[in-house]
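Open the model in your viewer and keep the sequence panel beside it. The stops below are given as selections to make, each with a note on what is there.

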Amino acid sequence: MKIRKSLFIVIFMFGVVRVFAQSQPLKLWYKQPAQKWTDALPVGNGRIGGMVYGGVVEDHIQYNEQTLWTGGPRDYNRKGAVKYLEPIRKLLSEGKQAEAEAMAQQHFMGMKSNELNYAADSAKWFNAMKDIRPPLKSKEWTPITLPTEQGWETAPGLEGLDGAVWFTTTVNVPPDWQGKNLVLNLGRIRDIDFTYVNGKRIGSTNGTAYRKYTIPAADVHLGSNQLSVLVVNFYDKGGFTSNTKTLSVYPEGRESDVISLAGAWHYHVQDDNPPAYPRYNADYQPFADLYLQFPKQEITDYKRDLDLTNATVHVTYKADGVNYAREYFSSAPDQVMAVHLTADKPGKITLEALLSSLHKNYVIRKIDDHTLAISLKVKDGVLRGVSYLHVQSIGGKVVVSPKSISVTGANEATFYLTAATNFKNYHDVSGNPEAICKKQIAAITTKSYATIKAAHIRDYQKYFNTFSIDLGKGENADLPTDERILKFGKSPDPSFISLYMQFGRYLLISSSRPGGGPANLQGLWNNLLTPPWGSKFTTNINLEMNYWPAELLNLSTCSEPFFSIVDDLAKTGHETAVEHYGAPGWVLHHNTDLWRGTAPVNASNHGIWVSGAAWLCHQLWEHYLYSGDKGFLQKRAYPEMKGAAEFFVHFLVKNPKTGCLISTPSNSPEHGGLVAGPTMDHQIIRDLFKNCIEAAKVLNIDRAFADTLKLKYSQIAPNKIGKYGQLQEWLEDKDDTTDTHRHISHMWGVYPGTDITFKTPELLKAAEQSMKYRGDEGTGWSIAWKVNIWARMHQGDHAYLMLSKLLSPADVSSGKEKGGVYHNLFDAHPPFQIDGNFGGAAGLAEMLLQSQGDAIELLPALPTALPQGNIKGICARGGFVLDFEWQNGQLKNVEVFSKLGKTCRLSYAGKTVDIETQKGKSYRFNADLKQL
Ligand code: FUC
């Protein structure tokens, strides 16, 4: 076999050289530019992320910097909340859930930003708005098409706007309407409207009600009538949000005689500075947009791709006999995003580069003859951002104006983009983004594009090439990715599955790098000022799921940002433990953000969930199991695990009915309201106690504390089987077998926990029953979780079925909320949420190898659909890295590399072998697990 050198990579591990080949094209590719954001291709260096549209006449790279969020350092805890803990518990124990939730909502939820001043400030602001009379329309008014179903923010110029906006149009009244009252139908308006006809107010409504106003006949003129509406919007989506059919006017009683008002209107912003709306959590923000505008040309042979083997995006096309090529990447070593433009004939690169931003407060300025900058400030918060765009060209002419960079007749041109904010850490915003950008651009000006690109690829492949997978090639393998998605359910395409897994690894490497923050709900990529769920960190499944593939798929280093957010949360979470529970240690509820808030947020029926810290700690312990890193355990993980356990030692209370310890008040994530004793909590707390006991033993410390935990462990309410043979989600046997809720929290003990295994067959059977009742549909992350759970149950075909659902096309969905993939393989919750990408990649691995028990199980849940394969670099607990092959659904051979020199127990098809290993050595076995 001829070996292509470029495909081979050398990895040094404990002095041993391991060489992995990536065996098939690992590309996402398309025959057309992106139309939508979820068609665009992501690049990222763990801090600067870009979404490349690849348009021919206008290219667009929407970009992010990981630390640009709304808000600022503040106390998220509600002083005195602890006074209500016992009363809430008491109400719950008396079966008064509604009363408990009401009390908790009023007194126990965390503090919102600007909560104390908002009522007075907004009343004052609103009073100033509400009496403003309709101004006369002038030339300054901007055209707009109404309605804007997704809010006025979707209209150019109104992005992110909150405040008061006038809208106006003309109603032409025909002669036969004269003398009639008219009915004006305006649909839903967010949030309040003041509606005028010919300067006279005819109605005003506050809230989501449909607006249907009567215009008295006396106020209607024949011919032209001026309709003016002042819309006051306090936060988020604003304006006329119904569909086109709604906006209309007709004479009373003659509904069919309707004039549609949908279409051309004009607007004028009255005031875009309402007081900051109170928020529990901050939102991750888009940074800015780079536009590259090219001369109009007829083109052919367009292609756009993302190459996962070297983390570069390409656009190529032909025009006028010239081959054009663009290459894009985000470099970690040089901390810049690069866009490199070439043509195969000299002097053909001509374009204008522009920067803009959705943030209202932004300024573009010229830095020098090769550099343009954008400075911006988030609206509700303390963060500022700066970004430099620097160009280097060969041949041609470069002109930097105060607004843009133009390149004319160059042979090639390269743009380097930096971005930074004043965020230093969750309590320090004294950073100097200008200085950072300046330094980074200065550092690259002495380097060639080839050098910067080579450093990027070297750095990226250090991560990426620790693992490879080949599941065989299907008949759709050569199709563009968007077409491949559509065909996936219809004909086998195993290399699409391996591509999806490697794409998950690509996303983790691109969004989570040592020194940076963890991947949020959208990883690193967000184009909206008010993104879904704030694009923050949701901790009742989502943040944890982002890191499921890290250890297993040989990307342990990418977990560092996860460990660092835990370091922060253990500090802020201590304050919450004190203020809300009067407890030692630390607690985290179901959401956090850049500022590391840990208090309960949103509604009391799901925001009071106490097990976030304990779940995060599960992953700290897992890191120790995979890496054997005692220093990490001693200095970082154990103190945090201990803190989380101390909280629960204090928090757990005796259930008067059973005498067992229970977690109350809490919630089975987002299901069933505020309760005492959800099953998930008990599984997670048991796991935490067990791991703490084990860690104390490894470190030979805290014997007395470990004894306390042992005692408490045995007293925690056990998993219970209910009347339908199901695993009970709650203390009471009240599960509804027809309920297909997306959260499957009581399955935590199956995956990622180990409370329920083949050693507890009755419970495992009950868990399976619950999974069947819950069904196979769900949001992206829910389906991804199900892949892992069915794999843990050794039901490969069911796990595969779930994986196929995760890979179903999101863009042709029936309108029903279901998971799938967008054209760029981003996971659809819907909308986009990255956890499904990560959970899916981990789920496939879980089908091929498991090591949560006493042995490393090979092919524990191999589906019939994947009869052959070859995997290299998959990791197992105990410090082992495995390469193995299978054919006709049977193991062919396996090689185990030992990083720590521990005993290795391998198991396959009923056979088990134990071998003593030496650190840094490999061991080969045949299909019968006979050592070779
Ligand atoms: C939880 C889930 C939702 C979504 C959100 C970010 O609230 O229940 O489905 O994933 O997090």
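The tour goes through annotated domains, one helix, the ligand site and some unusual backbone positions. Bear in mind throughout that this is a predicted model.

**Annotated domains**

Select residues 28–114 and 280–426. UniProt, in an unreviewed entry, places the feature "domain: Glycosyl hydrolase family 95 N-terminal" there. Colour the two spans separately. Residues 28–114 are 23% helix and 23% strand, with end C-alpha atoms 45 Å apart. Residues 280–426 are 0% helix and 63% strand, and the end C-alpha atoms of that span lie 16 Å apart.

Next select residues 850–920, where an unreviewed UniProt entry puts "domain: Alpha fucosidase A-like C-terminal". This span is 58% strand and 0% helix, and 22 Å separates its end C-alpha atoms.

**Helix 3**

Go to residues 115–130, which form helix 3. Put a distance between the end C-alpha atoms: they are 23 Å apart, which agrees with the 22 Å that 16 residues should span at 1.5 Å a residue.

Now show the side chains of Y118, S122, W125, F126 and M129, the buried residues of helix 3. An α-helix has 3.6 residues a turn, so residues three or four places apart point the same way. With these side chains on screen, add strand 8 (163–173), strand 10 (192–197), strand 13 (223–233) and strand 17 (263–271); the buried residues of helix 3 pack against these strands.

**The ligand site**

Which residues are around the ligand? Select L521, W533, T538, N542, E670, R742, H743, W781, H829 and Q833 to see them. Three of the side chains are worth labelling with distances. An N or O atom in the side chain of H743 is 2.6 Å from an oxygen atom of the ligand. For Q833, the distance from a side-chain N or O atom to a ligand oxygen is 2.9 Å. For N542, a polar side-chain atom lies 3.2 Å from an oxygen of the ligand. Switch on the surface here: on its own the ligand has 290 Å² of accessible area, and the protein covers 96% of it.

**Cis peptide bonds and positive phi**

Most residues other than glycine have a negative phi, and most peptide bonds are trans. The next four selections depart from that pattern.

- Select R190 and D191. The peptide bond between them is cis, with omega near 0°. D191 sits in the loop between strand 9 (182–190) and strand 10.
- Select T664 and P665, which are also joined by a cis peptide bond, with omega near 0°. P665 is in the loop between strand 35 (661–662) and strand 36 (666–668).
- Select N888, in the loop between strand 43 (880–887) and strand 44 (890–898). N888 is not a glycine, yet its phi is positive, at about 50°.
- Select L929, in the segment after strand 47 (922–926). L929 is another residue other than glycine with a positive phi, near 65°.

Is each of the last two buried or exposed? N888 counts as exposed because its relative accessibility is 67%. L929 is buried, with a relative accessible area of 3%.

**Last stop: T154**

Centre on T154, in the loop between strand 7 (142–146) and strand 8. T154 counts as exposed, at 52% relative accessibility; the cut-off for exposed is over 50%. A polar atom of the T154 side chain lies 2.8 Å from the backbone oxygen of G151. Finally, add K237: it is 83 residues from T154 along the chain, while the two C-alpha atoms are separated by 9.0 Å.

Conventions. Residues numbered from 1 in each chain as written. Predicted model: local features only at pLDDT ≥ 70, side-chain atom pairs only at ≥ 80, totals over all residues. Heavy atoms only, no water. UniProt positions renumbered as here; feature names shortened; annotations may be inferred. Helix = DSSP H or I, 4+ residues; strand = E, 2+ residues; numbered from the N terminus. Expected span 1.5 Å × (residues − 1). Buried < 20%, exposed > 50% of the residue type's maximum accessible area, 1.4 Å probe, protein only. Contact = heavy atoms within 4.5 Å. Near = heavy atom within 4 Å. Polar contact = N/O pair within 3.5 Å; in protein donor to acceptor, adjacent residues only side chain to side chain. Areas by Shrake-Rupley, 256 points an atom, 1.4 Å probe, with all protein chains shown as cover.
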